[in-house]
Amino acid sequence: MQESSHDKTNPRDAGAAQGDTTPAQAAPTASVQAAAPANSGADAAKTAHGVGGGGLSSMQQVVELADGLSTIADRLHERILREIRSYDGRGVPVQVQDAMRRLLDDEMVLRQRANTLYADAAAFVIQGLGQPQSRVNALTAAAAEKIRRIGVIGEVTGLVGGLLSLAGAVASGQPTPIVLALEKIQLHSTTLDALTPPTAAA
């Protein structure tokens, strides 16, 4: 298993960071793969209840989740820096600074949990999840894209909270909290679909 380093310069002081450039982004250990959802109910059932019990039932699938969390952390960092630069020397409103600080904290936790999954993937294999790995991958990939495209940075906090719930739920080893976290991510992702323009800035 490859090791991943995600050290970044966190612009904690938004006012001081406005002249900063984006720090070098550490590449995730492997590219997140957003597998297409099953084409039929039969295919979905086969994926969900096949060998190993569906998603997160092997070390490789746990690593795929870690890749997704790492990618999300990268997108979150990029989006925060873009928000700071958008003020172009003007003062950043206090409420925006607060939102960015919270999201920077969330970014750090996502990286820590991803690194834990990388380091000991075998310990986080889940049996009987009853959810296809394609859904886990698709939700994390969609979340990364929404974070990249979101217009108002504060609107992404609920989605990031769901992702943190998922990362924490995997550590519990129990399928139920993982399923609940996936549903929370799906709910926030659907809500953001109505808020994120299809042609938002890259």
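How many salt bridges does the chain have? The count comes to eight salt bridges. The model is predicted. The views below take up several of these pairs, after a look at the whole chain.

**Figure 1. An all-helical chain of six helices and zero strands.** From the N terminus on, the elements run α-α-α-α-α-α. The chain has 202 residues, and 44% of them count as buried. Among contacts with a separation of 6 or more, 82% join residues 24 or more positions apart. The accessible surface comes to about 9,400 Å². Carbon and sulfur atoms contribute 54% of that surface.

**Figure 2. Glu-78 and Arg-75 pair within helix H2.** The two residues form a salt bridge, with the closest N and O atoms 3.5 Å apart. Helix H2 spans residues 59-86. Three residues separate the partners along the sequence, about one turn of the helix. Glu-78 is partly exposed, at 25% relative accessible area. Arg-75 also counts as partly exposed, at 27%.

**Figure 3. Arg-101 and Asp-98 meet in helix H3.** Their side chains form a salt bridge, 3.6 Å from N to O. Helix H3 covers residues 94-119. The partners sit about one helical turn from each other because they are three residues apart in this helix. Arg-101 has a relative accessible area of 31% and is partly exposed. Asp-98 is partly exposed too, with a value of 33%.

**Figure 4. Lys-146 and Asp-193 join in a salt bridge.** The N to O distance is 3.0 Å. Lys-146 belongs to helix H4 (residues 133-149) and Asp-193 to helix H6 (residues 175-193), so the pair ties together parts 47 residues apart in sequence. Is Lys-146 buried or exposed? Lys-146 counts as buried, because its relative accessibility is 9% and the cut-off for buried is under 20%. Asp-193 is partly exposed, with a relative accessible area of 48%.

**Figure 5. Asp-74, Glu-107 and Arg-111 are linked.** Which kind of interaction connects these three residues? Asp-74, Glu-107 and Arg-111 take part in a network of salt bridges. Side chains of opposite charge can pair when their charged atoms come close.

Methods:
Residues numbered from 1 in each chain as written. Predicted model: local features only at pLDDT ≥ 70, side-chain atom pairs only at ≥ 80, totals over all residues. Heavy atoms only, no water. Helix = DSSP H or I, 4+ residues; strand = E, 2+ residues; numbered from the N terminus. Buried < 20%, exposed > 50% of the residue type's maximum accessible area, 1.4 Å probe, protein only. Contact = heavy atoms within 4.5 Å. Areas by Shrake-Rupley, 256 points an atom, 1.4 Å probe, with all protein chains shown as cover. Salt bridge = Lys/Arg side-chain N within 4 Å of Asp/Glu carboxyl O.
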